[in-house]
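Let's take a friendly walk through this structure, one sheet at a time, and finish with a pocket. Please keep the viewer open as you read.

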Amino acid sequence: MSEYWAMVAILLAVASLFVIWAVIRPIPSSLQEDNDHKDDNVQIFEQRQKELQGDLAAGNITEAEFKAQNTELERALFDDLQNQSVAPKFNNRGGYLLLAAALMVPLAGWFTYVEMGASKGMQQRENMQATRALMQDAETMEQLLTDLKAHLQDNENNPEGWFILANSYMQDNQAELGLAAFEQAKHFAPMDSPQRAAILGQYAQALFFVDSLFTERVNAAITEALDANPEDVSALSLLGIQAFEAENFAAALDFWKKALAGAGTGDGAQSLQAGIANAQQQLALQQGDAAFGPVIEVNVRLANGLQLPSSEQAVLFVYARQAGHRMPLLATRLDPQALPVSISLNNTMALQPGTDLSNYEQLDIVAHVAKAGTPGQKAGDLAGQVNAVSVTAKEVVDLVIDQIISGQ
């Protein structure tokens, strides 16, 4: 950043020199010689007049001729002096204006850059570089937090630094400090920037954590976050919680499914998956079989001796498909760490609109632990299957994950 401003200063100085040169350059010789020409004309007039007076005294010319020739000399001198008076003259006031313009060149350039240029983007880049340098140099989290606090005391206009500090406080159960740091991050983040949009969602979540209720300020923060980014995962997750608490399970499903699309594969995605499964079960119980068709109750467990993949991206898929077909009719995603788990498979989990379990007599029920978190069985994944499950039997299906997918 210092190299950038050094180059800007050099360029502005060069631009100013072009204007200053007009002030300090020597006066053109043509202007300096104006007074010399005037003196020469007067001397020539006086010399010629003396010659006429000598001719008159010697009787070489008459009195009438003297007057006529003297009058002609005076007229010629007057014309010469008149022409010189309208020639351009150097004006000191013009020099002062040029000097003022030279000073205004760098000021105008700086103002234009700040108002219309990418100064905010440069500031964000500088903040990012400073924060990442602190993260690389810190050997422990405690050292990072100490260095970050010291940095923010002298460089408070660093929303990324405040954001990292806020999340650290929240993870350490220091909610009030975390909320204050989020407010600083929100204050310094540029308006209408993606960075600020992400901060707003986290800020709403921090407010909910502190208030433990959907207070007026929590709802206002959620609205502000969604105005900045309608796909914000944190804000959509909060709306799902709010709908679930109000027993509006259909709305909770919509919010959480929308949030899951942008949640990636971390802990947040796993929490959303668990919430979606719970909302689906509650919705089925709330509406009953008449509205949502048959329900297949399934208990999923891991066989003795098998271990879950250590991958953080691992996902448990439970789905039902028609016998002899590979394409699932309905499916749900869960956290493998929740095993053993009970699931109610119903029409709300359908992958295609119009799917109705009542149109089928038997289905194959499959459980699949995907290490990579994506559908499709791959080498090293775990799986279990129960075939020919009656859709209308009302029996609980005991589904055991007892297979390791081979590489073939």
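Which residue in β4 is the bridge partner of V298? The partner is I343. Please keep in mind that this is a predicted model.

**The three-strand sheet**

That bridge belongs to the pairing of β1, residues 296-302, with β4, which runs in the antiparallel sense over five bridges. Both strands sit in an open sheet of three strands, ordered β4-β1-β7, whose pairing is mixed. Because β4 (341-345) and β7 (397-401) each have a single partner strand, they stand at the edges, and one side of each is left without a neighbour in the sheet. From one strand to the next, the twist averages 30°.

**A residue in the loop after β4**

Moving along the chain from this sheet, you can find T348 in the loop between β4 and β5 (362-370). Is T348 buried or exposed? T348 has a relative accessible area of 13%, so this residue counts as buried, the cut-off being under 20%. The T348 side chain also makes a polar contact with the side chain of N346, at 2.3 Å.

**The five-strand sheet**

A second sheet to look at is open and has five strands in the order β3-β2-β5-β6-β8, with antiparallel pairing. Here β3 and β8 (403-404) take the edge positions; each has a single partner strand, so one side of each lacks a neighbour in the sheet. The pairing of β2 with β3 is antiparallel and spans six bridges. In one of these, L316 has L334 in β3 as its bridge partner.

The two strand pairs described in this report can be set side by side:

| Strand pair | Sense | Bridges | A bridge partner pair |
|---|---|---|---|
| β1 and β4 | antiparallel | five bridges | V298 and I343 |
| β2 and β3 | antiparallel | six bridges | L316 and L334 |

**The largest pocket**

Strands β2 and β3 also turn up around the largest pocket. How much space lies in the largest pocket? The figure is about 570 Å³. Its lining is made of 23 residues, and those nearest the centre are F317, Y319, A331, L351 and P375. At least two lining residues each come from α13 (249-260), α14 (267-292), β2 (315-322) and β3 (328-334). Which element gives the largest share of the lining? That is β3, with four residues. Sorted by class, the lining holds eleven nonpolar, eight polar and four charged residues.

Technical notes:
Residues numbered from 1 in each chain as written. Predicted model: local features only at pLDDT ≥ 70, side-chain atom pairs only at ≥ 80, totals over all residues. Heavy atoms only, no water. Pairing = 2+ DSSP bridges. Axes fitted to C-alpha atoms, helices over the stretch in contact; angles between N-to-C directions. Buried < 20%, exposed > 50% of the residue type's maximum accessible area, 1.4 Å probe, protein only. Polar contact = N/O pair within 3.5 Å; in protein donor to acceptor, adjacent residues only side chain to side chain. 1 Å grid on protein atoms, 1.4 Å probe; cavity = no way out; pocket = protein on both sides within 12 Å on 5 of 7 lines; lining within 4 Å. Points joined across faces, edges and corners; volume = space filled by probe spheres on them. Nonpolar A, V, L, I, M, F, W, Y, C, P; charged D, E, K, R; others polar.
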